[in-house]
Amino acid sequence: MALYFITGVGGFIGSSLARELLRRGEQVRGVDNFSTGKRENLAQILGQIDLREADLLDLDAMKLACAGVDYVLHQAAIPSVPKSVLDPIGSNRANVDGTVNVLVAARDAKVKRVIYAASSSVYGDTPTLPKHERMTPNPISPYAVAKLASEHYLTSFYRCYGLETVALRYFNIFGPWQDPSSPYSGVLAKFITQMLGGQQPTVFGDGEQSRDFTYIDNAVEANLLACKAPAAQVAGKVFNVATGRRITLNETIKLLQGLTSYSGCAVYGAERGGDIKHSLADISLAEEHLGYKPKVNFEEGLRRTVDWYRSQGNGAGA
Ligand code: UD1
């Protein structure tokens, strides 16, 4: 049994990692400042984890939280492109300064490895598809810059201090427990709950933008593989975590009309600032070095997600 420390444990991905680790018999410690994370996400497992309410910017709290830890899964962030465009200073504090604090604490506590929630947004609007890790990043939004800076900090901590790090570039993760209620929520959480509730979804732009939407179980699996993969293959490195397929918003809405029984159509509005048009990953590096294979495809993930929101009472009566 190992001790895993999850930052952002109250978030969608953090809480999903915690549930899976507990299911596998591992020990979980977590921090969250509950700015975007939610206590409700942890309600079922509260008695089984060592939960600490703390901010990443509190270095002493991070040092205490890293004591005795084997693996750090650093998921905490202000995870929003548009929010970072409105507040680049806040984005940098949480997403860069916060990461450096976690790295310092992990280094001092001599943890075995730090796995980081990096982002596909670092590729920016480069026309080449699919995106592979050897490409020069071209971040557009402050969020993407912060995520890229953090990746470099990870590699630097490996090179300077020998702290083993792995950065996982998530491509649009979706699934149960994702918060649909903020204007900054991921598009699928919003569309599914809107359509289940009989409300018209709003597409920003023409709906022909595409994404490599990745079901949560695949991201969880990638994290756990990244902890155990041989250091020679993964330490100090960056990997795409995705499915290797892309789908447009317009196609997605058609699928969701079938799954949610929403018979209306979408309304189209202005494009969103900082957005990129297409996103698709080459996942061969993760396949080769992490042994990663996406287990749940997009359609199946979408079906499970719709079922979950329905079971939570979203769209009840619709
Ligand atoms: C981006 C990053 C992703 C990161 C996430 C954090 C890319 C390719 N991906 O996701 O890695 O984790 O930010 O926020 O840069 N949309 C609508 N209607 C809505 C909401 C969104 O049409 O109500 C559109 C957006 O304009 C965008 C697409 O849906 O074109 C996806 O948006 P979103 O789910 O916010 O994720 P990204 O910005 O792609």
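A disulfide is a pair of cysteine sulfur atoms within 2.5 Å. By that yardstick, this predicted model holds zero disulfides. Take Cys-227, which is in no disulfide: the nearest cysteine sulfur belongs to Cys-66, and that is 13 Å away. Since the cut-off for a disulfide is 2.5 Å, a gap of 13 Å rules out a bond between Cys-227 and Cys-66. Cys-227 is also tucked away from the outside, because its relative accessibility is 3%, which counts as buried.

Next comes the ligand and what surrounds it. There are 23 residues around the ligand, and the ones that come nearest are Val-187, Thr-202, Phe-204, Arg-211 and Asp-275. Sorted by character, this shell has ten nonpolar residues, nine polar ones and four charged ones. It also draws on two parts of the protein, with at least three residues from each of domain 1 (3–173 + 214–241) and domain 2 (175–211 + 245–279 + 296–311).

Which protein atoms sit by the ligand's oxygen atoms? One answer is Val-187, where a backbone N or O atom lies 2.7 Å from an oxygen atom of the ligand. Gln-209 brings in its side chain instead, with a polar atom 3.0 Å from a ligand oxygen. Asn-172 uses its side chain too, placing an N or O atom 3.1 Å from an oxygen atom of the ligand. As for how much of the ligand is covered, it has 750 Å² of accessible area on its own, and the protein covers 92% of that. Helix H6 (187–196) and strand E8 (202–204) are the elements that give two or more residues to the shell.

Helix H6 also contains Ala-189. Is Ala-189 buried or exposed? Ala-189 counts as buried because its relative accessibility is 1%. From Ala-189 to Lys-63 there are 126 residues in sequence, and the C-alpha atoms of the two are 34 Å apart in space.

Just before H6 in the chain is a loop that starts after strand E7 (173–174), and this loop holds Trp-177. The backbone does something worth a look here: phi of Trp-177 is near 85°, a positive value in a residue other than glycine. Trp-177 is buried, because its relative accessible area is 17% and the limit for that label is under 20%.

Ser-261 shares that backbone feature, with phi near 65°, again a positive value in a residue other than glycine. Its place is the loop between helix H9 (249–260) and strand E13 (267–269). Unlike the buried Trp-177, Ser-261 counts as exposed, because its relative accessibility is 62%.

Another backbone detail turns up in the loop between E5 and helix H5 (142–161), where Pro-130 is found. The peptide bond that joins Leu-129 and Pro-130 is cis, with omega at about -10°. This loop between E5 and H5 is also home to Ser-121. The side chain of Ser-121 makes a polar contact with the side chain of Ser-119, at 2.7 Å. Ser-119, for its part, is in strand E5, so the contact links the strand to the loop between E5 and H5. Both serines are buried, because the relative accessible area is 14% for Ser-121 and 7% for Ser-119.

On the other side of strand E5 (113–119) is the loop that connects it with helix H4 (88–109), and Lys-110 lies there. Lys-110 is exposed, because its relative accessible area is 70%. How far from Gly-68 is Lys-110? Along the chain they are 42 residues apart, while their C-alpha atoms are separated by 8.5 Å.

A similar tale can be told of Glu-300, found in helix H11 (residues 298–311). Glu-300 and Tyr-215 are 85 residues apart along the chain, yet 8.7 Å separates their C-alpha atoms. Glu-300 is partly exposed, because its relative accessible area is 25%, and that label covers values between the 20% limit for buried and the 50% limit for exposed.

Terms used
Residues are numbered from 1 along each chain as its sequence is written. This is a predicted model: local features need pLDDT of at least 70, side-chain atom pairs count only at pLDDT 80 or more; totals for chains, interfaces and linings use all residues. Side-chain values use heavy atoms; hydrogens and water are left out. Buried means under 20% relative accessible area, exposed over 50%, partly exposed in between (1.4 Å probe, protein chains only). A residue is near a molecule or strand if one of its heavy atoms lies within 4 Å of it. A polar contact is a pair of N or O atoms within 3.5 Å; within protein, one must be able to donate a hydrogen and the other to accept it, and residues adjacent in sequence count only if both atoms are side-chain atoms. Accessible areas come from the Shrake-Rupley method with a 1.4 Å probe; for residues, only the protein chains shown count as cover. Helices (H or I, at least four residues) and strands (E, at least two) are DSSP runs, numbered from the N terminus. Ala, Val, Leu, Ile, Met, Phe, Trp, Tyr, Cys and Pro count as nonpolar, Asp, Glu, Lys and Arg as charged, and the others, Gly among them, as polar. Domain bounds come from an automatic or database domain assignment.
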